[in-house]
Amino acid sequence: MPDIEAHITGTVWKIECQVGDQIAEGDTVAILESMKMEMPVEAEDAGTVREILCEEGQAVNEGDTLVVLD
Amino acid sequence: MTLGSPHLHAATLASTSDRARELAAAGAPHGTLVTADVQTAGRGRQGRRWEAPAGSALLCSIVLRDPPELLPLAGGLAVARAIGDGARIKWPNDVLLPAGPGAAPGRKVAGILAEGRPQDGWAVIGIGVNVAVRLEDLPPELHDTAATLGLTPADRAIVLERILRELESAITLDTAALLAAYRERDALRGRAITWSGGTGVAAGIDGSGRLVLDLPDGGHVALDAGEVHLGRV
């Protein structure tokens, strides 16, 4: 099961997928912000969004799972 | 000059930063520059649109490999230096000019969007500067908040060269030197600020590049994300 993790510590400023969405490899699923730099989080595998484990505005740590794909 | 080569220019692009990100992902070297006369889907920070009449703004994005952690602040400093002594920075990196002689710097002349792929070791910094924009050509809601350098479209090349030179210098500064230079151009210090958590007075930039606010209850907060506004709600 491919989880999509935060690659930096930062704040979730935008979630760009919804549960049930079909995601292709390379699609941006969320955008993190850290020290005013925007960091797109891209899927490394294709799949269907089963669960979104973060909210916009939430602080996340490197390695935290943001989105779970089936 | 290591920034600015190779240089891809297009009459029209959806977004110079989107193109630069594609190039970076495909292996484009440090310093790769993308410019356009017109953007059809220009973006500012937090997904806001960036619009300018055709040919009147400098629109450029630069690929940086191994970018400094405080790239968004270094970009603001570089653009402010390139524009001149009167330019100030609204944290993190809007560049402001005074509305007139003696006025506080309050009108936005340039915007910056830094986007990174830290796991791949690159970032793209997108810069838009109102070089030859005529304010009367902008939407009415921007008339009181936008500024222009008032130059000609041909002057975009000169402004671009200055920005590349200043950016090249700013990204090599160590954190202390960067923050010291940035603080000299801090447009917010001492001014009333509104942000999503309330109101406060800007008290400067801390050693991590965060904006420090003095709160009405005597406390302090350091912001490293989100958005702040000058003045009242």
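# A tour of chain B in a predicted model

The axes of helix α2 and helix α3 (residues 156-170) of chain B come within 8 Å of each other and cross at roughly 140°. The model is a predicted one, and the tour begins at this helix pair. An angle over 145 degrees would count as roughly antiparallel, and the crossing of α2(B) with α3(B) is therefore classed as oblique. Its hand is right-handed. To display the contact, select A74(B), G75(B), A78(B), V79(B), R81(B) and A82(B) on α2(B), then R162(B), I163(B), E166(B), L167(B), S169(B) and A170(B) on α3(B). Sorted by class, the residues in the contact of α2(B) with α3(B) are seven nonpolar, two polar and three charged.

**Second stop: α2 against α4**

Keep helix α2 (residues 71-83) of chain B on display and add helix α4 (residues 175-183) of chain B; the two pack at an angle of about 50°, and their axes are 10 Å apart. α2(B) and α4(B) are therefore also oblique to each other. The crossing of α2(B) and α4(B) is left-handed. On the α2(B) side the contact is made by L73(B), A74(B), L77(B) and R81(B), and on the α4(B) side by L178(B), L179(B), A181(B) and Y182(B). By class, the contact of α2(B) with α4(B) holds seven nonpolar residues, one charged residue and no polar ones. A74(B) and R81(B) appear in the contact with α4(B) and also in the contact with α3(B).

Which residues of α4(B) are buried? They are L178(B), L179(B), A181(B) and Y182(B). These residues cover an arc of only 165° around the axis, which puts them on the same side of α4(B). To see what covers the buried residues of α4(B), show elements including α2, β4 and β9 (198-205) of chain B.

**Third stop: helix α1**

Next, select helix α1 (residues 16-25) of chain B, where T16(B), S17(B), A20(B), R21(B) and A24(B) are buried. Their arc around the axis is only 135°, and they therefore lie on the same side of α1(B). Against what do the buried residues of α1(B) pack? From chain A there is β5 (37-42), and from chain B there are β1 (7-13), β2 (33-39), β3 (58-65), β6 (105-117) and β7 (122-129).

**Fourth stop: two strand residues**

Move to A10(B), in strand β1 of chain B. A10(B) has a relative accessibility of 18% and counts as buried, because the cut-off for that class is under 20%. Beyond residues up to four places away in sequence, A10(B) touches T35(B), A36(B) and D37(B). For a distance across the chain, label the C-alpha atoms of A10(B) and D224(B): these residues are 214 residues apart along the chain, and the atoms are separated by 35 Å.

Then select L96(B) in strand β5 of chain B. Is L96(B) buried or exposed? With 3% relative accessibility, L96(B) counts as buried. Apart from neighbours within four places in sequence, L96(B) is in contact with G86(B), A87(B), R88(B), K90(B), P105(B), G106(B), R107(B), K108(B) and A187(B). K108(B) is twelve residues from L96(B) in sequence, with a C-alpha to C-alpha distance of 4.4 Å.

**Fifth stop: loops and backbone geometry**

Most residues other than glycine have a negative phi, and most peptide bonds are trans. The selections below include departures from that pattern.

- D66(B) is not a glycine, yet its phi is positive, at about 50°. Look for D66(B) in the loop between β3 and α2 of chain B. D66(B) is exposed, with a relative accessible area of 68%.
- S5(B) and P6(B) are joined by a cis peptide bond, with omega about -5°. P6(B) sits in the segment before β1 of chain B.
- W91(B) and P92(B) are also linked by a cis peptide bond, with omega near 0°. P92(B) belongs to the loop between β4 (88-90) and β5 (94-98) of chain B.

Finish at G102(B), in the loop between β5 and β6 of chain B. G102(B) counts as exposed, at 86% relative accessibility. From G102(B) to I127(B) there are 25 residues in sequence and 27 Å in space, C-alpha to C-alpha.

How values were computed:
Residues are numbered from 1 along each chain as its sequence is written. Chains are lettered from A and ligands numbered from 1 in the order in which they are written. This is a predicted model: local features need pLDDT of at least 70, side-chain atom pairs count only at pLDDT 80 or more; totals for chains, interfaces and linings use all residues. Side-chain values use heavy atoms; hydrogens and water are left out. Axes are lines fitted to C-alpha atoms, for helices over the stretch in contact, and angles run from 0 to 180 degrees between N-to-C directions. Helices (H or I, at least four residues) and strands (E, at least two) are DSSP runs, numbered from the N terminus. Angles under 35 degrees count as roughly parallel, over 145 as roughly antiparallel, 65 to 115 as roughly perpendicular and the rest as oblique. A crossing is left-handed if the near helix is turned anticlockwise from the far one by less than a right angle, and right-handed if clockwise. Contact means heavy atoms within 4.5 Å. Ala, Val, Leu, Ile, Met, Phe, Trp, Tyr, Cys and Pro count as nonpolar, Asp, Glu, Lys and Arg as charged, and the others, Gly among them, as polar. Buried means under 20% relative accessible area, exposed over 50%, partly exposed in between (1.4 Å probe, protein chains only). The arc is that of the directions from the helix axis to the C-beta atoms.
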